[in-house]
Each structure stands twice: as C-alpha cells, then as structure tokens.
Amino acid sequence: MQEDVRKDFLPLVSKPWWFMTWLTRSLAVLLLLVMFLVLLVLPVIICKNIVMLVIVSILYYPALGFGLYRFILYQKTVTKRVVKRIVVDDKGVHYERKNGTTDHILYHNLEKYHLADEYDVDLSPRNKIYVLKVKHNGSVTEVDFDGVDAGYSCYIVNLRALRRRYIQGIIYFRPDLRINPSVYTAYNINPVDFTFDKKKYGTAFAKTLAVLILLGSILGCIMLGLVKWLSKDQIYLH
C-alpha cells in the first residue's frame, strides 16, 4: 500500500520568481547604499566646527570601515549557505544550497516525543509567524518554508505548496506521528486533500482587515478630536 503511495507521491520542486528576486535585490542594494551614504556624512552633519569634525572623524571612520569589513565577511558567509532549490519527495525535504551542499529533513528520521501533552509535529513562533517544528535525529528542528533564501539567489514562489506537501508526506509515511491540529489552521490547509483553504484564508484576512480599519478609524477620530481641541484653544488665546 505504501509503495503505491510512494509511486503517486511525485517530487515537488521550488519555483523561482525572477521579477521579485531582482526587485528584492535592487531595493536591498538601494537601501544599503542610502544607509552607507547617511553614515558617511553623519559626522559632517552633527559636528559644529572643523576641530570637532577632525576629532570625531579620527575615531568614527576607522570604526565605520571595520564595521563595513565585518558586514562584507558576514554577507559572504550567508551567501554561501543560501538555499537555491527546495525539493519535497517521498523521502522528505531537501535544501540544495549555493555552496553545493544539501541538507535533508527525512521522514524516517523524525522521532516521537512520547509525551501525552506534546505533539510530534507542532508550531514554533518566529517573528510573528509560525514555523513547523519536529524532532529530527534527537534534536528539535524547524522545517523552514518561510525564511529560506529571502531573495538572495531566487525568490521562491511556491513555499506554501512545498510546506503542504511535506506535511502530507508526514501523514502518508509517518502515520505514527501526532500532528497538532493548529498546524492546519495556521497554514490554512484542508486536512482532507491538503489543498490551500482559500475560504479559511479569506475569512482570516477579512477579520484582520476589519480590525485594522476599526483601529484606524478610532485613531483617526482621536486625532480629529485633538486637532479640533487645539484649534479651539488657539481661538481662545487670540
């Protein structure tokens, strides 16, 4: 039975979106250039006289040069680890990196927690989003389908589909693992056919939009009332 499932479980490969890739790169370069120019002229802006400018420059520019050197070294290290392609198949997920190495999070290496109150596949909060969390080869591992690559070599357009396929693979090939039901809710996954639940996503988006509009309206009313109050005070003063 599992062999038939494996035969039908075709590999899903990440798809690059070159427009967003180059747009992200261009904006990042522009932002870095602006920040560098601001840092470059900062002593000239804050120093009131030549003597102060010379003293500050002697200390500031070597520190700026060292910081720039460290930033370039860090970027080189990060770039080598950039994920250029992701593949999800009947074995697991494979991250092919720019330096030629490949990292794997395989289904058969996933482990159970053996705790009644702990799910084997759960969510881990990260910067106001949730990342899939599993126990892999003895350690807690985040299966990242959100922060990988981030436009360095290519912007991946089908990360959600890759994540859904990986969760589907856990169901098929590791039915002994318990998945937290909130995983399906957080990622808007239909647990029946593992498709993207547009209705649930649309409802959540509408609720968020309604809250933002309400908060914006309240803030607008407060600002309008404040302006009217200040205007009355000005009239009384005159």
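A residue is called buried when its relative accessible area is under 20%, exposed when the value is over 50%, and partly exposed in between. By this scale Y61, at 31%, is partly exposed. The structure discussed here is a predicted model, and Y61 is a convenient place to start, as it takes part in more than one of the features described below.

Y61 lies in helix 3, which covers residues 50-80. Together with L33, L37, L39, L40, V41, L42, V44, I45 and I46, Y61 makes a nonpolar surface patch of about 830 Å². The largest contribution to this patch comes from helix 2 (residues 18-46), which supplies nine residues. Membership of such a patch requires over 30% relative accessible area, and Y61 has 31%. Y61 also has an aromatic partner in Y60: the two ring centres are 5.3 Å apart and the planes meet at 80°, so the pair is classed as edge-to-face.

The Y60 and Y61 rings bring us to the aromatic side chains in general. The structure holds nine aromatic pairs. In contrast to the edge-to-face arrangement of Y60 with Y61, Y107 and Y166 are stacked, with 5.2 Å between the ring centres and 25° between the planes. This stacked pair joins distant parts of the chain: Y107 belongs to the loop between strand 4 (102-106) and strand 5 (121-126), Y166 belongs to helix 4, and 59 residues separate the two. Both partners are hidden from the surface, since Y107 has a relative accessible area of 2% and Y166 one of 0%, while the limit for a buried residue is 20%. Y107 and Y166 are also members of one aromatic cluster, whose other members are F9, Y95, F145, Y172, F173 and F194.

Aromatic rings also meet charged groups in this model. The charged end of R163 is placed over the ring of Y187, at 3.8 Å from the ring centre. In a similar way, the charged end of R165 sits over the ring of F9, with 5.2 Å to the centre; F9 is itself one of the residues in the aromatic cluster.

Helix 4 deserves a closer look, as Y166 is found there. What span should the 15 residues of helix 4 (residues 159-173) have, and how far apart are its end C-alpha atoms? At 1.5 Å a residue the expected span is 21 Å, and the end C-alpha atoms are 21 Å apart, so the two values agree. The expected value follows because the rise of 1.5 Å is multiplied by one less than the number of residues. The buried residues of helix 4 are L159, L162, R163, R164, Y166, I167, Q168, G169, I170 and F173. R163 therefore appears both in this buried set and over the ring of Y187. As background, an α-helix has 3.6 residues a turn, so residues three or four places apart point the same way.

A search of the whole structure finds five salt bridges, and three of them can be described here in detail. The side chains of D176 and R174 meet at 2.8 Å from N to O; R174 is buried at 13%, whereas D176 is partly exposed at 35%. K112 and D120 form another salt bridge, with an N to O distance of 3.4 Å. In that pair D120 is buried, at 2% relative accessibility, and K112 is partly exposed, at 27%. K91 and D90 are joined at 3.7 Å, a distance that still counts because the limit for a salt bridge is 4 Å. Here D90 is buried at 15% and K91 is partly exposed at 45%.

The loop between strand 4 and strand 5, already met through Y107, also contains E111. E111 is partly exposed, with a relative accessible area of 28%. Its C-alpha atom lies 7.8 Å from that of L177, although the two residues are 66 positions apart along the chain.

Two backbone details complete the picture. N137 has a positive phi of about 55° although this residue is not a glycine, and N137 is located in the loop between strand 6 (129-136) and strand 7 (139-143). N188, which is likewise not a glycine, also has a positive phi of about 55°. N188 is placed in the loop between helix 5 (182-186) and helix 6 (198-237), and at 11% relative accessibility N188 counts as buried.

Notes. Residues numbered from 1 in each chain as written. Predicted model: local features only at pLDDT ≥ 70, side-chain atom pairs only at ≥ 80, totals over all residues. Heavy atoms only, no water. Buried < 20%, exposed > 50% of the residue type's maximum accessible area, 1.4 Å probe, protein only. Patch = residues over 30% accessible without salt bridge, like charges linked within 9 Å, V, L, I, M, F, W, Y side chains within 5 Å. Areas by Shrake-Rupley, 256 points an atom, 1.4 Å probe, with all protein chains shown as cover. Helix = DSSP H or I, 4+ residues; strand = E, 2+ residues; numbered from the N terminus. Phe/Tyr/Trp six-rings, centres within 6.5 Å; stacked < 30°, edge-to-face > 60°. Lys NZ or Arg CZ within 6 Å of the ring centre and 35° of its normal.
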